[in-house]
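Please follow the strands one by one in the structure shown here, and then turn to a few points of the backbone that deserve a second look.

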Amino acid sequence: MSTYVRFGLVLGGLMAGSLSLAEAYDLTEKLSLGGVLAGIYQYQILDEDSGDDEGGGAVVFQPELSFRPTDRDEVFVKLGFAAGNGINDQTPFAIAPWAADLEDDVQDLNGRNRDYLFEAWYQHVFRFGPEHELGVSGGIIDATGYLEDTAYADDEFTQFLNEVFVNGPQSFVPSYDLGGVLEWALNPVTLRVVVMDVGANDDGNAYTFFGVQLAYTLRTALGTGTYRLLGVATTEDFLNPAGIQKEPLRGLTLSFDQELGKRFGVFVQLGWQQDEAAIDFKAMYAGGVNVHGRLWGRSQDHLGIGYAFLDGGNTGIEWSHVFEAYVRMVFNDIFAVTVDLQYIDEGREASSGSQALIPGIRLTADF
């Protein structure tokens, strides 16, 4: 039996209620096993000029292992497997309707001829006081775990599905390659510096990525809010629109998330990038609201509504409007179901563009 078929049977068991997964596995005091199993089905209803309506599904399994020999050291390994690409390879839009790493994404990662191994890193933390520490990490890392980490729009398994609300295209933050991280925290300020050596971009060129994020966490009577400034850049290894010269990528993002009492939260993301290299979008303006399940008596549930406007770059896209609303219903410590609806309207210079309504359902098991 293939690995992908086994994943499908596991997900089917979850849907039927016949399979039970443990909430978490602390194998020893120093060793723990966790991860996520998720499945999705989405159906895109296109306008009559954009093609035929069609749907697709995918299953993702991402186990992770953490070894903590001391309270200041950690060795972490994460794998990623997937069956299917959902509608990501069928949609006419530049932005993926589901931001997860699907079947085509988990193979030959960054041109390294490496499959399935997402992360493998070591971290040591230097503590200088009760609220002052410095973390140093190195190995195969995922920069999205450290940068652009908005509280209400950062996780494709528990929050929004669309790529624009998970990791916006204006920040081009890479994943799953060699790099190092410095994390300095002196409450309420956090500074993160990420450097990565990426094996290949879409042009087939290796490049170096640099990211710096400064964050300030504010606690008031309204609740907790975090305000961030993120700067990103690469070496000159991205082709310009004519495909004859290499240029760098550079971008800036401002973002914040703020609790509004115990039932509501809001987020805003504003981002820009330079357009010397070929880019789909040069700016993004996004925001949304999170509604806590306490409002309807289910404390683990939540509802999210988000809207993003993207200003086109230099590859033929003029603009894109993305609207998404979802409700995530949690049944126990493991199993949750999300009902999702997206609307995408993308304008192009050489055509009338495309519009689609995309309903979907996501099932997840966290363990």
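In this predicted model, a good place to begin is strand 19, which spans residues 335-348 and has ten of its 14 residues buried, so that the strand is largely enclosed by the rest of the structure. Its pairing can be followed on either hand, beginning with strand 18 (residues 317-330), which runs antiparallel to strand 19 and is joined to it over 13 bridges. Within this pairing, His-321 stands opposite Asp-345 of strand 19, and the connection from strand 18 to strand 19 is a hairpin that passes through four residues.

The other pairing involves strand 20 (residues 354-366), which is also antiparallel to strand 19, here over twelve bridges. These two strands likewise form a hairpin, with five residues between them, and in the turn Gly-353 has a positive phi of about 85°. The bridge partner of Glu-346 in strand 20 is Ser-354.

Glu-346 itself, a residue of strand 19, repays a closer look. Is the residue Glu-346 buried or exposed? With a relative accessible area of 2%, Glu-346 is buried, because this value falls under the 20% cut-off. Its side chain makes a polar contact with the side chain of Arg-348, at 2.9 Å. When residues up to four places away in sequence are left aside, Glu-346 touches Pro-92, Phe-93, Ala-94 and Phe-281, as well as Ile-317, Trp-319, Ser-320, Gly-353 and Ser-354.

From here the path leads to the backbone elsewhere in the chain. Most residues other than glycine have a negative phi, and most peptide bonds are trans. Against that background, Glu-148, although not a glycine, has a positive phi of about 55°. Glu-148 is found in the loop that lies between strand 7 (132-142) and helix 2 (163-166), and with a relative accessible area of 1% this residue is buried.

Tyr-176 offers another case, with a positive phi of about 65° although it is not a glycine. Tyr-176 lies in strand 8, whereas Glu-148 was placed in a loop, and at 7% relative accessibility Tyr-176 counts as buried.

The last stop concerns a peptide bond rather than a phi angle. Which residues does the cis peptide bond join? The bond links Asn-187 and Pro-188, and its omega is about 15°. Pro-188 belongs to the loop between strand 8 (175-186) and strand 9 (189-198).

Methods:
Residues numbered from 1 in each chain as written. Predicted model: local features only at pLDDT ≥ 70, side-chain atom pairs only at ≥ 80, totals over all residues. Heavy atoms only, no water. Buried < 20%, exposed > 50% of the residue type's maximum accessible area, 1.4 Å probe, protein only. Pairing = 2+ DSSP bridges. Polar contact = N/O pair within 3.5 Å; in protein donor to acceptor, adjacent residues only side chain to side chain. Contact = heavy atoms within 4.5 Å.
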